[in-house]
Amino acid sequence: MRTWTSNPSTSVRLSELEAAAPKGDAYAPGSSRLVRARLVAGVAGTISLVEFDSGALLTDAPTTRIVREQRLGNLPTVLRFPDGWHFHSHDHGDVDSILRVRKSDRLHNWEAFRPRLALVVAFSFMAAFAVWRWGLGILVAAAIFLTPDGMPRAIDDGHLAFSDQTWASPSRLGTTEKDRVVQIFDRLKAVAPPPRFSDYRLVFRDIPVAGPNAFALPGGTVIITDELARSFPDPDVIAGVIGHELVHVAEAHGLKQVYRSLGTYLAVAVIFGDVGPVLNDLLLEGGLLFSLAYSREHESEADRIGLALAAKAGYDPAALARFFEQLDDSSGFAGPGWLSTHPSNQDRIAEIKRLADEIK
């Protein structure tokens, strides 16, 4: 950690900006540990993120390279620094002031809008009826298209924080073990379809209750459990698993399941004019995605495209079948997300082998 060194001119600068130095929480790259911090305007158009009490410099960057995510409901303003630091603050006005942001948050203003005219209410009822009558497919497709860029990564961060507080621990893998998986991930990422929102990222967690497993979150995050990395030294197997998860991200399967499961709830919320709390409570507080299973259609699509990705990256697509065969041989483990949506493990193994033969 670098240290924020003070000199006379710096002290004056800090004194002048004290009222406009937004306070909040900072998170280091790849860490969920909270650090109390504040923003300070530096020289030549730079912004510094400093520890709140000690003034130690955490990171800094030119204003033009700091990404300010769109506000969602009552959530804090989120800034992303280019080196991976995140800053969350409820001092919205001060954040805008220090970044010299002049335009307002369009999405936040829409959330604050409260329709009162009878025509708007009537239209809302008609729209809800149309959704009920013709299904949620059109609504889900429209919701994916209209999803703000910052929301999926906010969902990822919320679910990672939830898992870290409940069932996950920091990874116990060594550097060599992690590097082996990272190299496979990078090769697959290079040939994977571009993600719809944020870039793909890989994180490791020790989750004993999940066994050898992997999870894909809608903002591009792929979680690999320690047991998966240790139980399957074969890189072809790991490639098959990661390829499957990257497809879930690229095809927005997680968001589709969320929107489909909340379709009726959201329709009712729209009728009464306030959907912000629904999104805040159900999407960003964590846990919802882990409770949803992908549909059989999504799982089959992830298998089919994921095997092709593994083969394109130079791995054996049939290795994914060995993953399920080993699970069958080890006390019948059936972890969340992988085995819950298919009729039987044996049927899935047979289908993977058939697809692998077609690819070869």
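## Two sheets, two cores and the helices around them

In this model, I47 of strand β3 stands opposite A61 in β4. Keep in mind as you look around that the structure is a predicted model.

That pair is a good way into a sheet. β3 covers residues 46-51, and it pairs with β4 in the antiparallel sense over five bridges. Both strands belong to an open sheet of seven strands, ordered β4-β3-β2-β1-β7-β6-β5, with antiparallel pairing. Which strands stand at the edges of this sheet? They are β4 (57-62) and β5 (67-68), and each has a single partner strand, so one side of each is left without a neighbour in the sheet.

Now step along to β1, which spans residues 23-27 and is joined to β2 by five bridges, with the two strands running antiparallel. Here G24 stands opposite A37 in β2. β1 and β2 form a hairpin with six residues between them, and G30 in the turn has a positive phi of about 70°. β1 also pairs with β7, again in the antiparallel sense, this time over three bridges. If you want a residue to click on, try Y27, whose bridge partner in β7 is H86.

Something also sits on this sheet. Helix α2 (residues 92-99) packs on it, touching β2 (34-41), β3, β5, β6 (77-80) and β7 (86-89). The direction of α2 makes about 35° with that of β6. H92 is found in this helix. Is H92 buried or exposed? Its relative accessibility is 16%, so H92 counts as buried, the cut-off being under 20%. Leaving aside neighbours within four places in sequence, H92 is in contact with R71, L75, P76 and T77.

### The other sheet

There is also an open sheet of four strands, in the order β8-β9-β11-β10, and its pairing is mixed. The edges here are β8 (169-170) and β10 (214-216); each has a single partner strand, so one side of each is left without a neighbour in the sheet. β8 is joined by two bridges to β9 (residues 201-206), and these strands run antiparallel. Within that pairing, S169 stands opposite D206 in β9.

Two helices lie across strands of this sheet. Helix α7 (residues 175-191) lies across β9 and β11 (221-225), running at about 150° to β9. Helix α9 lies across β10 and β11, and runs at about 20° to β10.

### What fills the inside

The largest nonpolar core has 40 residues, and V181, L188, I224, L228, I242, L246 and F323 touch the most other members. Which helix gives the largest share of this core? That's α9 (residues 235-250), with nine residues. Take I224 as an example: not counting residues up to four places away in sequence, I224 touches V181, L202, V203, F204, R205, N213, A214 and I242. A second, separate core has 17 residues, including A26, I47, F81 and W85. So I47, the residue we started with, is one of the members of that second core.

### Around helix α10

Between α9 and α10 there is a loop, and A252 lies in it. A252 is a bit of an oddball: its phi is positive, about 55°, although A252 is not a glycine.

Next comes α10 itself (residues 253-261), whose axis comes within 11 Å of the axis of helix α14 (residues 296-312), the two crossing at roughly 175°. That makes α10 roughly antiparallel to α14. Which residues make the contact? On the α10 side they are H253, K256 and Q257, and on the α14 side H298, E301 and A302. Sorted by class, this contact has one nonpolar, three polar and two charged residues.

Y259 also has its place in helix α10. Y259 and G137 are 122 residues apart in sequence, yet their C-alpha atoms are 9.8 Å apart in space.

Here are the buried residues picked out along the way, with their relative accessibility:

| Residue | Relative accessibility |
|---|---|
| H92 | 16%, buried |
| A252 | 5%, buried |
| Y259 | 9%, buried |

Terms used:
Residues are numbered from 1 along each chain as its sequence is written. This is a predicted model: local features need pLDDT of at least 70, side-chain atom pairs count only at pLDDT 80 or more; totals for chains, interfaces and linings use all residues. Side-chain values use heavy atoms; hydrogens and water are left out. A nonpolar core is a set of buried Ala, Val, Leu, Ile, Met, Phe, Trp, Tyr and Cys residues joined through side-chain atoms within 4.5 Å. Buried means under 20% relative accessible area, exposed over 50%, partly exposed in between (1.4 Å probe, protein chains only). Contact means heavy atoms within 4.5 Å. Two strands pair if DSSP finds at least two bridges between them. Axes are lines fitted to C-alpha atoms, for helices over the stretch in contact, and angles run from 0 to 180 degrees between N-to-C directions. Angles under 35 degrees count as roughly parallel, over 145 as roughly antiparallel, 65 to 115 as roughly perpendicular and the rest as oblique. Ala, Val, Leu, Ile, Met, Phe, Trp, Tyr, Cys and Pro count as nonpolar, Asp, Glu, Lys and Arg as charged, and the others, Gly among them, as polar.
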